[in-house]
Amino acid sequence: MGPADAAAGGGLPGPRPRLTAKVVLAVLGPATAFAVTAVDPLMLGLNLSRVSRALDVPPQALGFLAGAATLVVAAAVLAVGNLGDAHGLKRTLMLGLAGTVVANLLSALATGYPFLLVARLLDGLALAALLGLSLALLNVSVPPETRPAAIGILMAVDMLLYGVTPAVGGWVVERLGWRWLFLPAPLLALCALALTARYTSEPGGRRARRVDTVGVVLFGAALLALVHGVGAAQNGLSDPRAWVPLAAGAAAAAAFVRHERRGAEPALDLALFRRPAFAVAVLATVTLNFISAGFSVVLAQFGGAVLALPAQTIGLLYLPGTLLATAAALLAGRIVARYTPRPVMVTGLLLLTGSGLVTAGTAAPSMAPWLLVPAVWLCNVGCLVTSTPVSETVLSHAPPGRSGAVASVQPAFGMTGYALGPTVCLLLLDLFFHRRWLADAEARGLSAGQAGHAVDAARSALAKSPGTAGYDPNLVAHTSGLDLGVDYADALRLTVLAVSLAPLVLAVAAHLVMPRPPRTGPECPTPAPRPPAGP
């Protein structure tokens, strides 16, 4: 095991790190800012159908609208990391918090889909600063030996706000209207702004860095083309609207890799990916963000369309188990600090797989809403528990003066997963639903054309009018013989099973390649601790 892997894997089991009140207060500002990046898109995802009805959003644009801000985050976070290193992590983070307030207020004033889309894209620029610099600022403001425990606190605050805000926000939206879904994010941003300004500091010694504009543009172009192409793939890969952007994205990605290898100060140091632990950590963050974003959108569609649950009830699904998940995040930080990221990462990825299995085993048109709680809880816990060792592994590779640049790698790829999650999961849900109702029609002796008349109306309602008279499963069953509620539940089960394969495969990979703690004993003396290695 080389020095870099030793640094990424953590040290030997040792005394529990001591967290002082000063360290905890220094973490609270970046932790709240970090939570905003999860709460902001979650609130839109859970209320997507309501926004769609109010602003007449095209059904095929729902996935793109849900992931628009996170797509911008993925494209811009590399530049933000370098800007933070050059001009101050704290200052840049505070500017991002102010931008989040403004962008959400503009979103609340949206008069149509184009207005809201522009506001969400602007929100993505602000969220890039929050996500890219929260961990970087934590990395330079707390001692290295308490960093894993501090990351655990950050994840715990994230979980607490992630669990409470949808319930409170859903209650507000149910009574006051969809525009109020954009209220929680700016309120939290203002709290983070005050805490960061008062309690968080960073060392000096910054040096001017040139932002790799070409690299950032190529990276963003590749992501935008990829998401657009995947979203259009519902019409078939032979459709030019699908394969043209996919081909363009592949070309932009190839140009990006070539440019970064030749650049003196690249936006993304590709040498980091030669470290097995670092590569697995980045793949893990893609996976957990993909599942988290996709699961929330699919859950909102199923809960609203089939179970006819209001936004308030769907939000309440995130509340039970929040305190247990918060405790799990704190415990994960302690375990990583005393041992290595490996066992915690494997456990978190297996919990994500378990969430999909629970969903697949319980989903039904007549299920009790509380049966969705275990699946939501397992998904949240799995994401949190996995995030702690991922962040520790990534930050352990950051040399002095480059915390922003290295820390931004994690959110850049994480937001790629978050942007693709809604699009891909809705694509899979639509694909499986199409196959299920066709099989349903064939079993009842109906042609695809005969069944299609009922399905067309129901599918429009599934996307735009969940929980209203627009989709009445009993009426559809009476007029056509189809039971679309069952078909949709089957599609949900197949979707979550398909996406649950990714964390299972990564759990095996993490078990095999993540460093283990060195053995010690009478014949094996304790080695001297190694400093964190640079890329």
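**Ring pairs and a one-sided helix**

Six aromatic pairs turn up here by the centre-distance rule, in which rings of Phe, Tyr and Trp (its six-membered ring) pair if their centres lie within 6.5 Å. This is a predicted model, where local features need pLDDT of at least 70, side-chain atom pairs count only at pLDDT 80 or more, and totals for chains, interfaces and linings use all residues. Residues are numbered from 1 along each chain as its sequence is written, and side-chain values use heavy atoms, with hydrogens and water left out.

Q: Why is the pair of Trp-178 and Phe-182 called edge-to-face?
A: Planes under 30 degrees apart count as stacked, over 60 as edge-to-face and the rest as tilted. The centres of Trp-178 and Phe-182 are 6.4 Å apart and their planes sit at 80°, so edge-to-face it is.

Q: What makes Trp-178 count as buried?
A: Buried means under 20% relative accessible area, exposed over 50%, partly exposed in between (1.4 Å probe, protein chains only). Trp-178 comes in at 11%, so it's buried.

Q: Why is the pair of Phe-433 and Tyr-488 edge-to-face?
A: Their planes are at 80° and their centres 5.2 Å apart, so the pair gets that label. This pair links distant parts of the chain, with Phe-433 in helix 17 and Tyr-488 in helix 20, 55 residues apart.

Q: How do you know that Phe-433 is buried?
A: Its relative accessible area is just 2%, so buried fits.

Q: What makes Tyr-488 buried?
A: Tyr-488 has a relative accessible area of 5%, so the word applies here too.

Technical notes. Helix = DSSP H or I, 4+ residues; strand = E, 2+ residues; numbered from the N terminus.
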